Structure formats: C-alpha cells, structure tokens
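Subject: A structure for you to look at

Hello,

Here is the structure I promised to hand over. Have a look at it, and then read on for what I found.

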Amino acid sequence: MSKFISEPEEEFSFNCPSCKDGHLKIIKNLYDLPDKDKMLIIKFECDNCNYHQNDIIPYTTRIEPGKLTLKITNEEDLKSKVYRSPTGKLEIPELELSVEPGPSAKFYYTNIQGILFRFENAIEIHLNNEELSKDEKLEVVKILNNLKEAINGNYPFTLIIEDHSGGSYIIPTDDSKLSYTKLNISDNV
Ligand SMILES: [Zn+2]
C-alpha cells in the first residue's frame, strides 16, 4: 500500500478550461511506494463546475538542483512532460524564448507542445505592440515562424530547465534525449 508522506499541498490556480469562470485548484500529493520509489499525484479541480483531472508523475531522482536539457527532434518528443517549479528557469535558446523563475502557472505543468502553444500565444500578442519597429517586427515574425515549425515537429530545438532549488523535472518520451547536470552551490548566485 502506498501512503501519504506529506500533507496535500495546494498552490497557484488558473482558469478552468471547461466552464471558464471557475479557478482550477492544483493539489499535489506525494506518495511513498513500497519499493522506495516515490510518486506524485497532481490533481486539478475546478471550484465552479465538475471539471477535474489527475496526473501521476514518477518522482525519483530529479528533485536536486540541476540543469535538465532535452533535445526535441520529432513529433513524439513534443509529448514529453514538463514540470517547471516556481524556481525553475525555462529556456529554448534556438527560438530565443525563456520563462524566468516565478509563479507563472501557465508554464507550471504541461507537455512540450503545451509550452510552445503558450509561447506562440505570447508572441502573437507581442506582435500587436504598436511600439515595435519594422525591424523588430520582422525579427519576431521570424521567431514565430520557427516556433510554428517546432509545434509541428519540423524544427529541432533544445529545452533547458535550470533550477537552483530543485523540484523541476522533465519526463521524456525518449530517455536518451534527456541529460541532467548537477549544479554546484558555487553556481548558485
Ligand atoms: Zn469549471
């Protein structure tokens, strides 16, 4: 039998995809399994309608501070799951995109494709900014076009999450594409 090893923890919220009015509560439960492994269950619950969803995540080694690097080269890789903790910095160097550490629920827990869709949305909003010069706009359009190719699995890129407190992790569809570098305390500046 599995058992709770910590009290259910609740943090952040975002709008319900079903009723749009309610807020989703995100509840994390960490379970201890008999084989010493751990498992995280993330539960999404709407406070307004019946919408709810569970996600189960194996919770093994990636809790230490470190840098996770995932190579994405095909459509299958886009299904890899990503959990960015509020202390994690997320980056796609080839597309000049990044999410700074902070409680941005939009990039909290999703798959790679979900992250790309959110960037696409943000860039399209940015493109409507009247203050952009013509050159700046061209640069943004170029990134947007590459991003659209990436969403379809036609643009290879790298996703990096650097987390000085630990807690962020990636569950790859292909283990060989994920690498992990432990961060030294001296890097923690
Ligand atoms: Zn709802």
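Let me start with a small puzzle: is Asn 154 buried or exposed, and how many other C-beta atoms are within 10 Å? Asn 154 is exposed, because 11 other C-beta atoms lie within 10 Å, and a residue counts as exposed at 12 or fewer. You will find Asn 154 in the loop between H2 and E11. Thr 73 is 81 residues away from Asn 154 along the chain, yet their C-alpha atoms are separated by 7.6 Å.

Now for the overall picture. Please keep in mind that this is a predicted model. The mean pLDDT of the chain is 82, with 80% of its residues at 70 or more. Among the elements, H2 has the highest mean pLDDT, at 96, and strand E1 (residues 3-4) the lowest, at 52. The chain has 2 helices and 13 strands. Of its 189 residues, 16% are buried. If you take the contacts between residues at least 6 apart in sequence, 61% of them join residues at least 24 apart.

The sheets

One open sheet is formed by 5 strands, in the order E9-E8-E11-E6-E13, with antiparallel pairing. Its edge strands are E9 (97-99) and E13 (178-182), each of which pairs on one side only. From one strand to the next, the twist averages 15°.

Strand E11 (157-163) is a good place to look inside this sheet. E6 (66-72) and E11 run antiparallel and are joined by 7 bridges, and Leu 70 stands opposite Leu 159 of E11. E8 (residues 88-92) also pairs with E11 in the antiparallel sense, over 4 bridges. The side chains of E11 alternate: Phe 157, Leu 159, Ile 161 and Asp 163 point to one face and are buried, whereas Thr 158, Ile 160 and Glu 162 point to the other and are not.

Glu 91 is worth finding too. In E11 its bridge partner is Ile 160, and in E9 its bridge partner is Ser 98. E8 and E9 are joined by 3 bridges and run antiparallel.

Another open sheet has 3 strands in the order E10-E7-E12, again with antiparallel pairing. Here E10 and E12 (169-171) are the edge strands, each pairing on one side only. The twist in this sheet averages 20° from one strand to the next. E7 and E12 run antiparallel with 3 bridges between them, and Lys 81 has Ile 171 as its bridge partner in E12.

The helices

H1 (residues 112-127) lies across E7 and E10, running at about 100° to E10. With 16 residues at 1.5 Å a residue, H1 should span 22 Å, and its end C-alpha atoms are 23 Å apart, which agrees.

Which residues of H1 are buried? They are Ile 112, Ile 115, Leu 116 and Phe 119. These residues cover an arc of only 95° around the axis, so they sit on the same side of H1. The general background is that an α-helix has 3.6 residues a turn, so residues three or four places apart point the same way. On the other side of H1, Asn 121, Glu 124 and Ile 125 are exposed. The cover over the buried residues of H1 includes E6, E7 (81-83), E9, E10 (109-111), H2 and E11.

H2 (residues 134-151) has 18 residues and reaches 26 Å from its first C-alpha to its last, close to the 26 Å expected. Just after H2, Gly 153 takes a positive phi of about 80°.

Two loop residues

Most residues other than glycine have a negative phi. Lys 20, which is not a glycine, has a positive phi of about 70°. Lys 20 is in the loop between E2 (9-15) and E3 (23-32), and is exposed, with 10 other C-beta atoms within 10 Å. Glu 96 is not a glycine either, and has a positive phi of about 55°. Glu 96 is in the loop between E8 and E9, and is partly exposed, with 13 other C-beta atoms within 10 Å.

Enjoy looking around!

Best wishes

Technical notes: Residues are numbered from 1 along each chain as its sequence is written. A residue is buried if 20 or more other C-beta atoms lie within 10 Å of its own, exposed if 12 or fewer, and partly exposed in between; C-beta atoms are placed from the backbone. Two residues are in contact if their C-beta atoms, placed from the backbone, lie within 7 Å. Two strands pair if DSSP finds at least two bridges between them. Axes are lines fitted to C-alpha atoms, for helices over the stretch in contact, and angles run from 0 to 180 degrees between N-to-C directions. The expected span of a helix is 1.5 Å times one less than its number of residues. pLDDT is the predictor's confidence in each residue, from 0 to 100. The arc is that of the directions from the helix axis to the C-beta atoms.
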